[in-house]
Amino acid sequence: MFSGKEAIFKGTDMKTFNTLRVIFSLVGVGMLVGAFFSFQSTSTFLETATAKPGVVTDLIRSRSSDSNAYYPLVRFEDEKGRLTEFLSSSGSNPPSYSRGETVRVLFMPGNAESARIDGFFSLWGVTLIVGGLGGVFFMVGAGMFVVPAVRNSGAAKLRKTGQRVQGMFQGVEKNQMIVMNGKSPYQIVCQWQNPVTSDIHVFRSGNLWFDPSDHIQSESIPVYINPTNPKRYWVDTSFLPKMAS
């Protein structure tokens, strides 16, 4: 569905919307870049790491506000036979390992402090989490750019090629699905009966960040529809005054 001024914000709301989509996009890009470097770092580590057997000597519990995680403490001998102990950076609940369990340890030669358990999440967990969150942030931010552009393009096409009908004004409603700065936008509601099928179609305008009630003087409002699919429409609200920025 395309409707007039849909996804267009004015004044403070427009600034907030623009700020949010830029922040989401930049955070997403930043996290994806971080995930890429994490992937590269782990790949390089695996190419040069030495493997030694190790033993889980203890499970260290870490408490947070609403959950616990258990991190394995691992002891192993480095390439010179020196006993070294390290705490895995990857924890879980329930524990992924048990006390006394033998594990494969990977570390850079001459740098026992780089040791990691040879397990999928121990090696790739950071990359997956950061990359996954980055993907979500980026898609949300990009969507906030793409969706309005697509809708505006569709509305422009309907204005040019759509069939103009007169919708009978029914009232003004608040779009409770959207809240910006504690406020919800208004929508003009009108309806039109298809003379061919006798079906009644209800049309809603795009989001308006002021109450348009006092500016609606006519009982009918122009609507541009796709003749083969009236569910695709654009409510013409160009008669309304423009809201100051």
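1. In this predicted model, Gly167 has Ile221 of strand 9 as its bridge partner. The two strands concerned, strand 6 (residues 163–174) and strand 9 (residues 220–226), run antiparallel and are joined by 6 bridges.

2. Strands 6 and 9 are also members of an open sheet of 5 strands, whose order is 8-7-6-9-10 and whose pairing is antiparallel. At its edges stand strand 8 (200–204) and strand 10 (229–235), each of which pairs on one side only. On average, and with direction ignored, neighbouring strands of this sheet are turned by 45° against each other. As a general point, the strands of a sheet pair through backbone hydrogen bonds, in either a parallel or an antiparallel manner.

3. Helix 2 should be considered together with this sheet, since the helix lies across strand 6, strand 9 and strand 10. Relative to strand 10, helix 2 runs at about 100°.

4. Helix 2 (120–161) appears again in the lining of the second largest pocket, where helix 1 (11–48), strand 3 (83–87) and strand 5 (111–117) likewise each supply at least two residues. The element that gives the most to this lining is helix 2, with 6 residues.

5. The second largest pocket holds about 230 Å³ of space, and 16 residues line it, with Ser89, Arg116, Ser122, Leu123 and Val126 lying nearest its centre. Sorted by class, the lining of this pocket comprises 8 nonpolar, 7 polar and 1 charged residues.

Terms used. Residues numbered from 1 in each chain as written. Predicted model: local features only at pLDDT ≥ 70, side-chain atom pairs only at ≥ 80, totals over all residues. Heavy atoms only, no water. 1 Å grid on protein atoms, 1.4 Å probe; cavity = no way out; pocket = protein on both sides within 12 Å on 5 of 7 lines; lining within 4 Å. Points joined across faces, edges and corners; volume = space filled by probe spheres on them. Helix = DSSP H or I, 4+ residues; strand = E, 2+ residues; numbered from the N terminus. Nonpolar A, V, L, I, M, F, W, Y, C, P; charged D, E, K, R; others polar. Pairing = 2+ DSSP bridges. Axes fitted to C-alpha atoms, helices over the stretch in contact; angles between N-to-C directions. Contact = heavy atoms within 4.5 Å.
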